[in-house]
Amino acid sequence: SNKMIMKKVTLFIFFLFFCLMLSAQSGYIKVSGGKVIEGEFFKSKIYLLKNFTDARIKFLNGDTYDGKINIHILSQTLRFIGPKGDTLAVADEKHIGSVSSGKLFFLKVNNQYVQVVNSDGETSLVVARTLNIGQEKVTGAYGGTNEVSSIQKIEVYNDNNKIERITSSATLYYEYRETLFLVNHGKQYLVTRRNLQKFFPDKKEFIEEYYSTHNVQIDKKEEIVSLFSTILSVSR
């Protein structure tokens with residue numbers, strides 16, 4: 001019946017979403033005059049690296065640029081320290097292909113910076129970190145709270161200066177997520193038995209055996225990282 005199909009589809013979508021998500025943390029921040037005045041966890045996650053670090057930016061046309069950079073998770077854009085010591089955004093963001101800093105390597109996939117955990121040069125296991133600001137917390141007439149989702153507000157938050165644009169005071173909901181997925185030729189895929197067998201056809205039997213003898217839980221980062229590195233290291 002159609003109801004059963006719908007239920008299956010809903011369950012399947014929920015299952016995929018659950019599989020993909022490694023960890024999520026949410027909460028509220030207080031913003032006043034364009035600055036976050038409350039929300040330590042949120043503030044600690046705005047930038048991907050602890051400090052601005054020497055890195056090499058590689059553009060899609062092969063050009064490179066060296067500078068002190070950081071990755072702004074909130075807007076998924078690069079920031080670098082200018083000659084006067086001020087923080088600047090990159091003008092040609094859409095032309096960036098990858099960023100490397102020491103042992104860290106980031107690919108740009110679907111306008112998002114993802115960190116490569118392991119790779120054979122063609123298929124990579126990556127972790128994506130996202131920080132989203134959603135609804136404003138509004139106190140109701142009886143002291144209760146209800147979520148008010150305003151399309152206009154969310155659009156404003158989605159530009160590079162999300163928070164700076166909020167000049168008044170507001171309490172905003174946020175969500176921080178880490179997800180693991182596979183990247184092959186610039187496209188992203190779920191970490192599934194089928195996809196691993198598709199990208200490593202010569203290791204098909206090994207992958208089949210691994211899945212039948214291990215309870216592979218996709219939300220356990222260590223398990224997936226271990227499985228991926230085992231696939232890379234095993235001979236045919």
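The points below go through the fold, the cores, two backbone outliers, the salt bridges and the aromatic pairs of this predicted model.

1. Overall make-up. The protein contains six helices and 13 strands, and 37% of its 236 residues count as buried. Its accessible surface comes to about 14400 Å², and carbon and sulfur atoms account for 52% of that area. When contacts are restricted to residues at least 6 apart in sequence, 57% of them join residues that are at least 24 apart.

2. The largest nonpolar core. As background, nonpolar side chains in soluble globular proteins tend to be buried together. Here the largest nonpolar core has 27 residues, and those with the most contacts inside it are Phe42, Ile69, Leu78, Ile96, Val99 and Leu131. The elements that give two or more residues to this core are strand 1 (21-32), strand 3 (53-59), strand 4 (64-72), strand 5 (77-81), strand 7 (96-101), strand 10 (123-139) and strand 12 (170-184). Of these, strand 12 gives the most, with four residues.

3. Surroundings of Val99, and the second core. Leaving aside residues up to four places away in sequence, Val99 touches Ala55, Arg56, Ile57, Ile69, Leu78, Leu104, Phe105, Phe106 and Tyr113. A second core, separate from the largest one, has 16 residues, and Leu125, Leu196, Phe199 and Tyr210 are among them.

4. Two residues with positive phi. Gln76 is not a glycine, yet it has a positive phi of about 55°; Gln76 is found in the loop between strand 4 and strand 5. His185, also not a glycine, has a positive phi of about 50° and lies in the loop between strand 12 and strand 13 (187-189). Which of the two classes, buried or exposed, applies to Gln76? With a relative accessible area of 11%, Gln76 falls under the 20% limit and is therefore buried. His185, by contrast, has a relative accessible area of 63%, which is over the 50% limit, so His185 is exposed.

5. Salt bridge within helix 2. A search of the whole structure finds eight salt bridges, and one of the pairs is Glu40 with Lys43, whose closest N and O atoms are 3.5 Å apart. Both residues lie in helix 2 (residues 40-45), where they are three residues apart, about one turn of the helix. Glu40 counts as exposed at 60% relative accessibility, whereas Lys43 counts as partly exposed at 35%.

6. Salt bridge between strands. Arg129 forms a salt bridge with Glu178, with the closest N and O atoms 3.8 Å apart. Because Arg129 lies in strand 10 and Glu178 in strand 12, the pair ties together parts that are 49 residues apart in sequence. Both partners are under the 20% limit and so count as buried, Arg129 with a relative accessible area of 15% and Glu178 with one of 17%. Strand 10 and strand 12 also appear among the elements that give two or more residues to the largest nonpolar core.

7. Salt bridge of Arg177 and Glu175. The side chains of Arg177 and Glu175 meet in a salt bridge, at 2.8 Å from N to O. Arg177 is partly exposed, with a relative accessible area of 24%, and Glu175 is likewise partly exposed, at 21%.

8. Aromatic pairs. The whole structure has nine aromatic pairs. How is the pair of Phe206 and Tyr210 arranged? The ring centres of Phe206 and Tyr210 are 6.0 Å apart and the planes stand at 50°, so the pair is tilted. These two residues both lie in helix 5 (residues 204-213), four residues apart, about one turn of the helix. Phe206 counts as partly exposed at 23% relative accessibility, while Tyr210 counts as buried at 12%. Tyr210 is also one of the residues included in the second core.

9. Aromatic cluster. Phe41, Phe42, Tyr174 and Tyr176 form one aromatic cluster. Within this group, Phe42 is also named among the residues with the most contacts inside the largest nonpolar core.

Methods: Residues numbered from 1 in each chain as written. Predicted model: local features only at pLDDT ≥ 70, side-chain atom pairs only at ≥ 80, totals over all residues. Heavy atoms only, no water. Buried < 20%, exposed > 50% of the residue type's maximum accessible area, 1.4 Å probe, protein only. Contact = heavy atoms within 4.5 Å. Areas by Shrake-Rupley, 256 points an atom, 1.4 Å probe, with all protein chains shown as cover. Core = buried A, V, L, I, M, F, W, Y, C linked by side-chain atoms within 4.5 Å. Salt bridge = Lys/Arg side-chain N within 4 Å of Asp/Glu carboxyl O. Phe/Tyr/Trp six-rings, centres within 6.5 Å; stacked < 30°, edge-to-face > 60°.
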